[in-house]
Amino acid sequence: MHDVIDERLARLGGSLEAAAEVRPPTLVRSRGEEIRSAHRRRVMAVTATSAAVAILGVGSLAFRTGSGHRGGTISPGVSVSSSASAAVAAPSSGATTPSGSTTASAEPVVVIDVKQDTMRVYDKSGQIVKTVPVTAGKPGYPSPVGVFTVKAKQRQATVSSNTIGIDSYSLRIDWVVELDAGGPWLYAMPFFDGTFGKENRTHGHIGMNTESAQWLYDHVAVGDRVQIQ
């Protein structure tokens, strides 16, 4: 009887051991090492992924910050205005600007009336500062009319037939203000003294006495506007 019971208990114990998958201690230790190694690998993978995400986030932020500025590189101490000022062209070669008047005006600063033989000079606020008697182109050689720009100034120059298209001659002149777009020259004509403000005697240029020509030379800038009417 006891033998039967012992046999049955042995079989029952074997079945329970198989059902519980009881393993020897060495196998249990090996399985634990595998689990710990797998856990370490998962932790390292998660850490590396988190670091990569952080780096990408910082790079993206830097990109957005840099791309938001569209005004170019700003050097230290340099401010950027929201609107640009109008550029003033530099004087042409050989041209000079008068002392105390270096900014060209968008409005005419000199208005010449060839019928009245007068020249009015305005300041930057539009006030008349000087009225000068002049002589302009005589019949057959009228002075060009319109709005011109002072393109150059010369203390002395030589005026000849190629400047106004008449018979050949050459004359040394002083205090010359040259206009662009085929406009006449403005300069001293002491040889026409007595005609200023009274009649037109030139071949197209605008003449005045030496004192007025020097004053005009000193008070207009390259780029100023001159209206002849």
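In which strand is the place of Arg120? In this predicted model, Arg120 lies in strand β2, and a good way to appreciate that position is to begin with the fold around it.

The protein contains four helices and eight strands. Followed along the sequence, these elements come in the pattern α-α-β-β-β-β-α-β-β-β-α-β. Of the contacts in the protein with a separation of 6 or more, 62% are between residues 24 or more positions apart. Buried residues account for 27% of the 229 residues. The protein exposes about 15100 Å², and carbon and sulfur atoms supply 56% of that area.

Turning to the sheet, its eight strands form an open arrangement in the order β3-β2-β1-β8-β4-β5-β6-β7, and the pairing is mixed. Strands β3 (128-133) and β7 (206-208) form the edges, each pairing on one side only. From one strand to the next, the twist averages 35°. As general background, strands of a sheet pair through backbone hydrogen bonds, in either a parallel or an antiparallel fashion. Here, nine bridges link strand β4 (residues 146-160) to strand β5 (residues 170-179), and the sense of this pairing is antiparallel. Within that pair, Ala152 has Glu178 of β5 as its bridge partner.

A helix also packs on the sheet: α4 (residues 210-219) touches β1 (108-113), β2 (118-122), β3, β4, β5, β6 (185-188) and β7. The direction of helix α4 makes about 40° with that of β5.

With the sheet laid out, Arg120 can be revisited in its setting. Strand β2, which holds Arg120, sits between β3 and β1 in the strand order. Is Arg120 buried, partly exposed or exposed? Its relative accessibility is 24%, and because the buried class requires a value under 20% and the exposed class one over 50%, Arg120 counts as partly exposed.

The surroundings of Arg120 can be described through its contacts. Leaving aside residues up to four places away in sequence, Arg120 touches Val109, Val110, Val111, Ile128, Lys130, Thr131 and Gln229. The C-alpha atoms of Arg120 and Val132 are separated by 6.3 Å, although these residues are twelve apart along the chain. Which residue shares a side-chain polar contact of 3.0 Å with Arg120? The partner is Tyr122, whose side chain is joined to that of Arg120 by this contact.

Notes: Residues numbered from 1 in each chain as written. Predicted model: local features only at pLDDT ≥ 70, side-chain atom pairs only at ≥ 80, totals over all residues. Heavy atoms only, no water. Pairing = 2+ DSSP bridges. Helix = DSSP H or I, 4+ residues; strand = E, 2+ residues; numbered from the N terminus. Axes fitted to C-alpha atoms, helices over the stretch in contact; angles between N-to-C directions. Contact = heavy atoms within 4.5 Å. Buried < 20%, exposed > 50% of the residue type's maximum accessible area, 1.4 Å probe, protein only. Polar contact = N/O pair within 3.5 Å; in protein donor to acceptor, adjacent residues only side chain to side chain. Areas by Shrake-Rupley, 256 points an atom, 1.4 Å probe, with all protein chains shown as cover.
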